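Let's take a walk through this protein chain together. Have the sequence to hand, and turn the structure as you read.

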Amino acid sequence: MKQVKTPQCTVGFILLAAAIFFLSPGLCGAAELRIGTWKTAQTIQPFFYGEFLQAPFSVRVFPFTNPADQKTALLAESLDMCGTTLAHAIHSAAKGQPVVVVAALCNKCSALVVKRDGPAAAVADLKGKRIGYVPGTMHEILLRETLVRNGIFPATDVALTRVDFFDMGLALARGGIDAFLSGEPFPTMAVVQGYGRILSYPYYRDAIGTINAGMLVRRETIDQDPDRVLAMVAAHARTTEHLNAHPDRWLKRASEFGTPLAVLEKAAPNMELAWDMDEDFVAKTAALGERMQALGVIDRQPDYEKLIDLRFAGKARQMLE
């Protein structure tokens, strides 16, 4: 599939600037919910919120290309809620930013890919190889965790090479890198297009598990307008349940973002839409934070009781019963 690539940072900052300019609180009705997310299959739920919101709320969705720009727009009060990787949420909270995770967004979605005809039969075979990754992402944490668990020291035993997600497939096919770890649909696309194969899925149920991303709000919004937060979480829960029950509708809509339906159907087992959170979710997020600190990504742990608010998911759970 030929993709037209716009530089990620450029798109993100253009959208961010537009959001801040056009979406100041005075320009929008109080009942309009402003939601930020990515245009990917695993972060698609906000595009369906309009079908599941209760009066008097309506929704306006703004697509971004990375969690940092979404979070910046959220803190600028240009968004009411946005998607974020849990790694980014932890990083933001560790810096003292007033952000709160109120719902899960997706699980799984990552894979470690090598050249189809390459010699690597196990992760341990990647020692001395060049591995593509995007710094500061959930995928970087999972990559480093995978390497360490297989006896490879990331700083000395491999060459970690910064490569944009959209460029990883081409870099692997041309021999610029020997492997990459990224999110769907890029791993599956490498398989479908014939230049890559999936070496492993970086999920460890004894620690981090399959958690990936969540929905973020400002703490101020929870304090001043909890009904608004509940409306968003309830719509997110209803949407997620509906799409999980109708995967054909989910994937067909996601294919409109530019990935062929056949690729998404093959990738679907490695993508999981989510909304609910519990104490186990908190524990896994804390385990992720511990790994991030051990890897030097953060220098201190956030307060996870403040970072993750389970109350709204609990109320949404009751509403669905």
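Gly-96 comes after helix H3 and has a positive phi, near 85°. Helices here (H or I, at least four residues) and strands (E, at least two) are DSSP runs, numbered from the N terminus. Before going further, a word on the source: this is a predicted model, in which local features need pLDDT of at least 70, side-chain atom pairs count only at pLDDT 80 or more, and totals for chains, interfaces and linings use all residues. Residues are numbered from 1 along each chain as its sequence is written, and side-chain values use heavy atoms, with hydrogens and water left out.

Now step back from Gly-96 into H3 itself, which covers residues 86-94. This helix is mostly covered, with 8 of its 9 residues buried. Buried means under 20% relative accessible area, exposed means over 50%, and partly exposed is in between (1.4 Å probe, protein chains only). The buried residues of H3 are Leu-86, Ala-87, His-88, Ala-89, Ile-90, Ser-92, Ala-93 and Ala-94. A useful reminder while you look at helices: an α-helix has 3.6 residues a turn, so residues three or four places apart point the same way.

Two other places with a positive phi are worth a visit. Glu-77 has a phi near 65°, a positive value in a residue other than glycine. You will find Glu-77 in the loop between helix H2 (67-75) and strand E3 (81-85). With a relative accessible area of 33%, Glu-77 is partly exposed. Lys-108 is not a glycine either, yet its phi is positive at about 60°. This lysine lies in strand E4, residues 99-108.

Next, follow the chain to strand E5, residues 110-115, where 5 of the 6 residues are buried. What does E5 pair with? One partner is strand E8 (residues 179-183), which runs antiparallel to E5 and is joined to it by 5 bridges. Two strands count as paired if DSSP finds at least two bridges between them. For a landmark in this pairing, look at Val-113, which stands opposite Phe-180 in E8. Strand E9 (residues 196-200) also runs antiparallel to E5, with 4 bridges joining them. Here Val-114 has Arg-197 of E9 as its bridge partner.

Between E8 and helix H6 (186-192) is a loop that holds Pro-185. The peptide bond joining Glu-184 and Pro-185 is cis, with omega about 15°. Another cis peptide bond joins Ala-55 and Pro-56, with omega about 10°. Pro-56 sits in the loop between strand E1 (32-38) and strand E2 (58-64).

Moving on from Pro-185, we reach Val-191 in helix H6. Is Val-191 buried, exposed or partly exposed? Its relative accessible area is 29%, so Val-191 counts as partly exposed. Leaving aside neighbours within four places in sequence, Val-191 is in contact (heavy atoms within 4.5 Å) with Gly-196, Arg-197, Ile-198 and Lys-266. Val-191 and Val-114 are 77 residues apart along the chain, and their C-alpha atoms are separated by 9.7 Å.

Towards the other end of our tour is Leu-310, in the loop between helix H12 (304-307) and helix H13 (311-320). Leu-310 is partly exposed because its relative accessibility is 22%. Beyond its neighbours within four places in sequence, Leu-310 is in contact with Met-277, Asp-278, Glu-279 and Val-282. From Leu-310 to Ser-200, the C-alpha to C-alpha separation is 32 Å, with their positions 110 residues apart in sequence.

Finally, let's zoom out. The protein chain has 13 helices and 11 strands, and its C-alpha trace spans about 60 × 40 × 40 Å along the principal axes. Its radius of gyration is 19 Å, which agrees with the value near 20 Å for a compact globule of 321 residues. That radius is taken over C-alpha atoms, and the globule rule is 2.2 Å times the number of residues to the power 0.38. Buried residues make up 53% of the 321 residues. Among contacts between residues at least 6 apart in sequence, 79% join residues at least 24 apart.
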